[in-house]
Each structure stands twice: as structure tokens, then as C-alpha cells.
Amino acid sequence: MQEGCVPWPEPTARAYREQGYWNADVLGTWPRTPGQDSAAALVTSAGTLTHAELDRAADRMAAGLLRAGLAAGDRIVVHLPNEAELIVLSLACFRTGVLPVYALPAHRSAEITHLVATAEAVAYVCPDQVLGCDFRLVAREVLDRTDSLRHVLVAGEPGPYTALSSLDADPVGLPAPDPEDVALFLLSGGTSGPPKLIPRTHADYAYQLRESARLCAVGEDDVYLAALPAQHNFALACPGVLGTLRAGGTAVLAPAPTADVCFPLIERAGVTVTSLVPPLVPLWLDAAEWTEHDLSSLRVLQVGGARLDPETARQVTKSLGGTLQQVYGMAEGLLNYTRLDDPEDVIVHTQGRPLSPGDEVRVVREDGSDAEPGETGELLTRGPYTLRGYYRAPERNATRFTEDGHYRSGDLVRRTAQGDFQVVGRINDVVNRGGEKVPTQEVEEHLLAAVPVVAAAVIGLPDPHMGERTCACVVPRDPARPPTLRDVQAALRGRGVAAYKVPDRLVVLERLPLTGVGKVDKRALRAQLDA
Ligand code: OOB
């Protein structure tokens with residue numbers, strides 16, 4: 001395994017091989033499903049690629065990557081929207097051993113700088129412009145603040161940089177990757193502080209794809225719609241775009257998750273499976289009542305990333321047709337799914353159970369002892385597709401993993417008598433803003449650096465639409481001239497912070513309540529704001 005990654009202990013790895021979780025199955029050997037050559041593989045705003053065309057495009061880009069001087073093991077930060085390049089480049093990386101680090105579309109220079117620096121990335125790949133943001137300017141800032149980048153590759157008009165489309169060469173023979181090598185890096189959403197890099201190996205991710213496709217009965221005839229950003233584990237691999245391509249089906253990439261964009265795509269492509277985060281669900285349900293588009297092809301609607309309330313869940317089963325599937329997952333690994341044939345009560349009221357018989361899950365009390373069924377505790381897990389450590393993060397790893405290799409999720413859950421999980425909340429300091437995870441500590445650091453305040457604490461406040469919204473509580477440096485919400489928002493945007501991390505509310509206080517050991521007492525703060 002690569003430097004900076006924590007391998008599974010050898011006896012565990014051997015057991016995973018023996019039990020067939022890990023085998024020679026690697027990423028990127030598809031789309032090459034026999035008989036599917038002329039079937040649609042990828043549908044985007046630029047048109048349709050058949051399986052044969054996508055395979056060929058990936059081979060050409062793989063050769064182009066190598067010709068440009070990139071090599072197996074090099075990290076590249078991939079910051080592309082839901083367009084064909086994202087998938088072609090991903091396949092090219094898997095085939096060459098170049099390691100993509102998947103940034104989210106909402107990220108801006110602050111996050112990209114952190115990722116490039118942590119990964120010592122040699123390339124940054126971005127679009128030219130999307131929705132008024134010029135990513136070549138983001139690239140400029142990142143170049144100024146980091147020193148490892150050798151390439152900036154732009155999908156579209158490159159400006160002073162290199163066009164991604166110039167990575168094109170006649171296909172070359174490539175050695176098969178070692179299945180137990182790292183294939184890609186995802187970003188953590190569930191832990192505090194800036195995003196950490198999650199190494200995922202060929203064998204572990206291929207197993208996740210295979211098993212998720214089997215659980216969702218996804219095959220050649222299926223059409224998966226990536227309504228959410230396909231750089232995120234949910235739309236990428238649960239079974240998502242990659243799992244569907246691997247199964248010989250068709251993946252459709254939507255430029256936005258809204259009903260007005262997605263409903264026509266569902267009708268035109270005959271979409272059978274898609275995934276949403278909870279805040280989108282009521283909007284889709286409303287739109288479905290009035291739509292003239294035929295949505296009857298939809299077989300499975302997956303919802304996950306944040307808590308779905310049971311009332312909305314019940315409406316999905318009534319009005320959208322198809323089956324609702326709740327997905328409680330994490331980029332770190334463990335995926336829980338409700339099964340397609342579960343009783344309605346389980347589908348509506350629980351977030352499912354683990355994907356694999358190899359998933360070991362414990363629910364523990366604060367003292368580390370096992371909770372009873374029905375009792376709330378923190379979910380700890382290890383298994384054949386759950387990481388053993390973040391990339392280059394020994395200090396974090398010492399606290400985020402138990403000695404025997406369980407990942408501490410920070411999620412508060414309870415297990416029903418039937419073994420299904422219900423997510424109750426979090427113990428970590430992360431606000432879950434409709435599925436987008438806001439690491440409060442990172443935002444607090446930005447506030448202290450960019451706004452004239454002497455103390456800052458970010459908390460989540462309940463919100464009927466988003467689940468939670470962020471509230472920044474600050475103590476101004478000059479009490480006579482406290483900052484306004486607008487000042488704070490402008491200051492954070494000015495630092496290149498992703499929009500979803502910019503506080504929704506501001507509360508100015510004389511001081512922050514502290515705990516006995518002098519840490520900000522967020523519980524007291526919340527109580528103070530409720531009153
Ligand atoms: C997904 O992945 P991440 O890495 O962005 O966030 C993981 C965290 C979990 O630890 C949990 O706190 C929360 O998101 N979460 C849920 C949930 N699904 C995830 N909380 C309540 N109910 C759910 N259904 O969010 C993710 C990855 C793969 C598939 C689906 C979601």
C-alpha cells in the first residue's frame with residue numbers, strides 16, 4: 001500500500017481474500033461488457049457515449065496522462081462538474097494508477113489549497129467556468145499558495161493553462177494494477193476540521209460497487225441518474241455511476257439536482273435508479289404532482305446523506321412510484337441500506353443495515369461498553385471496505401480509530417431489535433446542512449482569521465427544510481462595532497471558502513459560555529439561543 005496509508009493487518013486481509021470480498025476485480029476494466037459495445041454508457045449535456053466509445057476515450061486519456069509525464073502513484077486533484085470528462089478522467093486514472101483526489105463542486109480556493117498541499121498533488125483539474133465562478137482564478141490562487149503543482153488542466157477554455165482535451169494519445173499497453181493498491185481518494189465529511197483524505201483501494205471499492213449493485217439489483221438494463229455531484233461517494237459508487245457502468249448499464253449525469261433539470265432526463269433516458277439528499281425530496285414530491293414528464297421508469301429512489309423524516313419518507317413511497325431506499329453511508333466505508341423488499345415500516349423508519357456480512361459494527365456507550373438494542377450509542381465499524389486510517393494523518397488516526405482498527409464514526413445511532421440502524425445525531429462537531437457536512441472547527445478558524453472577532457463558535461440550529469443550518473456566535477473585537485451577517489459572509493467568501501460553509505446566521509455575544517476545562521460549551525450556547 002502507498003506511503004501515508006494504513007494497511008489492513010495481514011491476517012484480516014487474508015480473511016477478506018479467502019471470503020471473496022477482495023479478489024482480482026479492479027476499477028476501470030469496464031465499460032467492456034461483452035455485447036454492450038453499442039449500448040449507451042454515459043449521457044451528459046454534451047451527448048451520449050456508447051460503452052465502446054467511453055472505453056476508447058478512457059484509453060486515449062490514459063495514454064495522454066502518461067505522455068504528459070504523470071505516473072502511477074501521482075496524486076491529482078479532480079474538481080470537475082457532472083460532465084463526461086469527470087468519468088473519462090476517472091477511468092483513465094484507474095487504468096494508469098494516477099490517483100484522483102475528488103474535490104466537491106462547491107469547494108473553492110481555501111479547500112483546494114488544502115487538498116493540493118496535503119496530497120502534494122502534481123495536477124489540478126478544473127472546468128473553465130461554472131455558474132459565474134472562474135476556476136482558472138481558483139487555480140491561480142492555489143498555485144500561489146502551494147508548490148507541488150506541475151499541471152493545471154482545464155476542461156473547456158484553458159486560458160494560460162493546458163486544455164484537458166490535449167491529454168489525448170494513441171492507446172498504450174498498461175500493466176494491470178495491484179488490486180490492493182490505493183485507487184482513489186475521497187474526502188471525509190463526517191469529522192471536524194478541514195477535509196481529510198480517505199484512501200480507497202481497487203479491491204475495496206470494487207467490492208463496494210459489486211455488492212451495492214447486487215443489493216439494488218442494478219444490471220445492464222438499468223439507467224442510473226447522478227442528480228447529486230458524482231464526485232461524492234453516494235452518486236459515484238453506491239452503486240452510482242461506477243457501479244452501474246461496471247454492471248453494463250447506463251449512467252446519466254445531471255448538471256443540477258432540481259426537478260426541472262432531472263425530470264426531463266428521467267423521461268428521456270428511462271432512468272431506473274437515482275439518489276437524493278433529504279432537502280431535495282419535498283421539492284421533487286411537489287414537482288411530481290404537476291409534472292407532465294413520465295417518471296414511471298423510476299424503480300428505486302435512494303435517499304441518504306442526512307436524516308430523512310418518516311413523514312416525507314412515507315410520501316415518497318406513495319407519490320413517486322418505485323421503492324424508496326434509505327442509505328446511511330460514509331466516504332470512510334460502511335454503507336447501510338434498507339433492502340428493496342423490506343416492509344414499509346423498516347423503509348420509512350430506519351436507515352438500513354450493513355451492506356456486507358464482513359461489516360463489523362458496534363454501538364457503544366461513552367465508556368466503550370456495548371449498548372443494548374434500542375439504546376443510543378456511537379457507531380464504530382471496521383470491514384472489507386472501511387479504511388484503517390486517513391492519508392498522512394497519524395495524529396487524527398490516533399483518535400478516530402480504536403486500537404483494534406474500528407473507525408469511530410461520531411454518529412449516534414440505535415439498532416432496532418431486527419438489526420436496522422436509526423441515526424439519532426452526532427457527537428462530533430459537524431453541522432449536517434441537508435447532507436453537506438460543515439466542519440465547525442474549520443469555519444471557526446476562518447472567522448477568527450478574517451473577521452474582527454476575539455472568539456467564534458459555530459453551531460447547528462434545527463431547520464425544517466435543511467435539517468440543520470449554521471449559526472456563527474462571535475464576540476466582536478470592538479463591541480461598539482460588531483460585524484453584521486453580511487460582513488461575515490463577505491469575509492469568508494473573500495477567503496475562498498465554499499458557499500455551503502458560510503454561516504446562515506450570526507449571533508453577537510459579549511462572551512461565549514465555557515466548560516470546566518475552558519472549551520466553548522456548545523450545549524450551553526445552544527440552550528442560550530433557544531431561550
Ligand atoms: C454520505 O457520506 P459523507 O462522508 O458525506 O458523510 C457521512 C455522514 C455520516 O457519518 C452521517 O453522519 C451522515 O453523513 N449520514 C446520515 C445518513 N447518511 C449519511 N445521517 C442520517 N441519515 C442518513 N441516511 O453522506 C454518504 C455516503 C454514501 C452514501 C450515502 C451517504
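A pocket is an open set of grid points with protein on both sides within 12 Å along at least five of seven lines. With that term in hand, the predicted model described here can be explored from its empty spaces outward to its rings, strands and helices.

The second largest pocket makes a friendly starting point. It holds about 300 Å³ of space. Its lining is made up of 14 residues, and those nearest the centre are V364, R365, E366, E378 and I427. Two or more lining residues come from each of the strands β19 (360-364), β20 (377-382) and β21 (407-415). Of the elements that contribute, β20 supplies the largest share, with three residues. Sorted by class, the lining has six charged residues, four polar ones and four nonpolar ones.

Some empty space is closed off instead. Rolling a probe the size of a water molecule over the atoms shows where such space is left. In this model, one cavity of 30 Å³ or more is counted, and the largest cavity has a volume of about 30 Å³. The residues around the largest cavity are M1, V6, W8, P199, L387, R388 and G389. Five of these lining residues are nonpolar, one is polar and one is charged.

The aromatic rings come next, and the structure holds ten aromatic pairs. In one of them, Y21 and Y207 are tilted, with 5.2 Å from centre to centre and 50° between the planes. Y21 lies in the loop between α1 (10-18) and β1 (40-44), while Y207 belongs to helix α6 (residues 202-215), so this pair ties together parts that are 186 residues apart in sequence. Both Y21 and Y207 are buried. In the pair formed by Y390 and Y407, the ring centres are 6.4 Å apart and the planes meet at 85°, so the pair is edge-to-face. Here too, distant parts of the chain are linked: Y390 sits in the loop between β20 and α13 (394-400), and Y407 sits in strand β21, 17 residues apart.

How buried or exposed are the two rings of that edge-to-face pair? Y390 has a relative accessible area of 0% and is buried, and Y407, at 1% relative accessibility, also counts as buried. Because buried means under 20% relative accessible area, both values fall on the buried side. Y390 has a charged partner as well: the charged end of K196 sits over its ring, 5.5 Å from the centre. Ring pairs also build a cluster, which links W8, Y16, Y21, W22, Y207 and Y385. W8 therefore appears in two parts of this account, as a member of the ring cluster and in the lining of the largest cavity.

Strand β11 (residues 197-201) is mostly covered, with five of its five residues buried. In a regular strand the side chains alternate between the two faces of the sheet. On one side of β11 lie L197, P199 and T201, on the other lie I198 and R200, and all of them are buried, leaving both faces covered. The neighbour of β11 is strand β10 (residues 182-187), and the two run antiparallel, joined by five bridges. Within this pairing, L184 has R200 of β11 as its bridge partner.

A second pair of strands lies further along the chain. Strand β25 (residues 453-463) is mostly covered, as eight of its eleven residues are buried. Ten bridges pair β25 with strand β26 (residues 467-476) in the antiparallel sense. Three residues separate these strands, and together they form a hairpin. Across the hairpin, V458 stands opposite A472 in β26.

Which residues of helix α4 are buried? They are S109, A110, E111, I112, T113, L115, V116 and A119. Since eight of the eleven residues of α4 (residues 109-119) are buried, the helix is largely enclosed by the rest of the structure. Just after α4, E120 takes a positive phi of about 45°.

A last stop is Y337, which is found in strand β17 (residues 333-337). At 0% relative accessibility, Y337 counts as buried. The C-alpha atoms of Y337 and P394 are separated by 31 Å, and the two residues are 57 residues apart along the chain.

Conventions. Residues numbered from 1 in each chain as written. Predicted model: local features only at pLDDT ≥ 70, side-chain atom pairs only at ≥ 80, totals over all residues. Heavy atoms only, no water. 1 Å grid on protein atoms, 1.4 Å probe; cavity = no way out; pocket = protein on both sides within 12 Å on 5 of 7 lines; lining within 4 Å. Points joined across faces, edges and corners; volume = space filled by probe spheres on them. Helix = DSSP H or I, 4+ residues; strand = E, 2+ residues; numbered from the N terminus. Nonpolar A, V, L, I, M, F, W, Y, C, P; charged D, E, K, R; others polar. Phe/Tyr/Trp six-rings, centres within 6.5 Å; stacked < 30°, edge-to-face > 60°. Buried < 20%, exposed > 50% of the residue type's maximum accessible area, 1.4 Å probe, protein only. Lys NZ or Arg CZ within 6 Å of the ring centre and 35° of its normal. Pairing = 2+ DSSP bridges.
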